[in-house]
Each structure stands twice: as C-alpha cells, then as structure tokens.
Amino acid sequence: MIDSKKEEIVQRGTAFFPIQYYWNNTDAPFYNLPVHWHLDYEIIHVVEGRYKMILGGSKIILNKDDYCIIQDGVLHGDDENIESCKYESIVFNYNLIRIKNFAQDSFLNDIAEHRVILNKIIRFDDDFIKREVYSLFDSLKKQDPGFELRTTGLLFCLFGYIKQNQLYSEDEKVLDKNKIRTEQMKTVLKFISENYNEQISLEDMAEKAGMSPKYFCRVFKETTHRTPIEYLNAYRIDQACTLLRSSDEPMINISLNCGFNDFSYFIKIFKKYKGMTPHKYRNYDTRNTSDDELFFNHEQYFQSSPY
C-alpha cells in the first residue's frame, strides 16, 4: 500500500476524465524528468530515436515504436546517459477504466493490486492493435467530440491485448522484495525534496533509508543508476532552474537557496546537467523555439513534490 501522505495533488485532464497527453523532446532546453513516482499510470510511446530510462530500478531502452506502461508507485525517469529522443506519453488515473469495468474479469483488479506486473517493454506485432494504440494517442491529441468514449474503449482494448498475449508476470516473492526497496528509496527522495536547501550528508540519507552508508549507496545506485550525491545535485539544479525562470532573485542567492554554498561549484554543476550557464538558461528566449523543441516539465504539475 502506497502512503497517501506522499500523493501529489495533481489533476490529470479533468475531474470527470482524468487523463492527459504530453509531448516530450529530450533535446529541448527545459527538458527535465528525474527519477520520481506518482499514483497515476503512464503509457510511453517512442516516436523518434530511443529513450533510455530507469524503471523500477532497472535500465531499459525503448526504441522507435516501443511502448512502456508504468504502474502506480513505480520509480521511473531518465537514465543518466539520455540520448536525443522524441516520445509521447499519456498519464491517467487507473480508476478511469477500473470503475468502468463491467466484465466478469479480475485482471484489471489484479493489476491494481500489483498481483500482476506488466512487462517493461511492449512491442506490438499485430497490425490491428498497432492501429488501436495509435488511435488512443491520436484521440487524446485531437480531442474531437466523443473522444472520452473512444479513449476509454481503446484503453480497454490495450489491456485486453496485454492479457491475451500474457505480457505480464506474477512473482509474489520478487514483488515483495521490490516493494520494500522501493518504499525505502521513496522515503529518501521525499527527504531530499523537503530538505534540498539544507546541508544533506550521505549519512543523513542512509539513516532515512534505515541502512548503513555503504549499503545505501549500493542500493540507491541500483535503483536510480545515480549515486546519492549525483541525484541530490541534479535535484538541486532542477529547483534552481525553476527559480531562475520564475524570479529576479540574484543567482548567488538562488545558489544558496538550493543548497550550494560555493557559487563557482554551482555554476560548474549547472553546466554539467543543463549544458549551459545559469545566466544563459535564465535568459533563454523560448519565443524563437518551435513547439516541437519545448518540453512539458512534469514538476510544474506537482503541488507537493513526489521526488
């Protein structure tokens, strides 16, 4: 059971139809998707290039036309060696289809209760389901009259295909082990999100996870594929990005407010993660940037951060 205190207060789509479409370009200057989790489900489809990501502590690579369905509470985000890629995603409240399920079939409930774990990568060989899943994304992009009914039906079609072709696993021992580790990492990520502006040591993070520092480093890297300090620095830089674009605060103050006591080190780390100086980032003119180059920053939609 996921701790409800960590749930982000976010409305995907509308209260009556909780599903939303996003377009993502990893080359966009404001692209940002650190390892995180949420209570919604997400479907990712790679349109161009390949997407290297972390999912549930494992590295996976999604090639063009690959799909990935991320269940609720699963840690996911960019791999540290992200490549040029364009992908679209749909994020939705699973109850959208669960409460509309009138069929005498326990499969959707088994997914919701995590008795069924969906395959990390899904490739569609059948032309019919390819067209149906393409139509699912297209329906949400265009939102023509009646798209709500069409979208819901296409979601049922997708999950029916997954069941028919057994694109899932059922291993209670593995599920229990992964659940414990995931909850430990979520505790640390929440601690970072609430204290990133303070001095945080490796020992502090390890204590929150209930592990020795050496063992914590190993588990954290196995889960996020970054060291704890790398993740902490990346998170602080992401917070600095928000402040740079939303305020006129002097950059040295932003550096201090994001946990960097050394301004030159802040600039060095900023350039490492964003490929430009804080000054250039603050003054980047998006009016000369095509819509295809802009990226929806998921964090803008978190009123209480799940990272």
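Contact here means heavy atoms within 4.5 Å. With that written down, I started on the whole chain, keeping in mind that this is a predicted model.

**Entry 1: the overall picture.** I looked up how far apart in the sequence the contacting residues sit. Among contacts in the protein with a separation of 6 or more, 73% join residues 24 or more positions apart. Next came the secondary structure, and I noted eleven helices and nine strands.

**Entry 2: inside and outside.** I checked burial and found that 48% of the 307 residues are buried. For the surface, I noted about 15600 Å² exposed by the protein, with carbon and sulfur atoms supplying 48% of that area.

**Entry 3: a sheet.** I then picked out an open sheet of four strands and wrote down its order, S1-S7-S2-S5, with antiparallel pairing. Which strands are at the edges? I found strand S1 (19-25) and strand S5 (67-70) there, each pairing on one side only. I also looked up the turn between neighbouring strands of this sheet, and on average it is 20°, direction ignored.

**Entry 4: S1 beside S7.** I followed S1 to its partner, strand S7 (residues 85-92), and the two pair in the antiparallel sense over seven bridges. If you want a place to look in this pair, try tryptophan 23, which I found opposite glutamate 88 in S7.

**Entry 5: a helix on the sheet.** What packs on this sheet? I found helix H3 (residues 127-142) there, touching S1, strand S2 (41-49), S5 and S7. I also noted the angle between the directions of H3 and S7, about 80°.

Methods
Residues are numbered from 1 along each chain as its sequence is written. This is a predicted model: local features need pLDDT of at least 70, side-chain atom pairs count only at pLDDT 80 or more; totals for chains, interfaces and linings use all residues. Side-chain values use heavy atoms; hydrogens and water are left out. Two strands pair if DSSP finds at least two bridges between them. Axes are lines fitted to C-alpha atoms, for helices over the stretch in contact, and angles run from 0 to 180 degrees between N-to-C directions. Buried means under 20% relative accessible area, exposed over 50%, partly exposed in between (1.4 Å probe, protein chains only). Accessible areas come from the Shrake-Rupley method with a 1.4 Å probe; for residues, only the protein chains shown count as cover.
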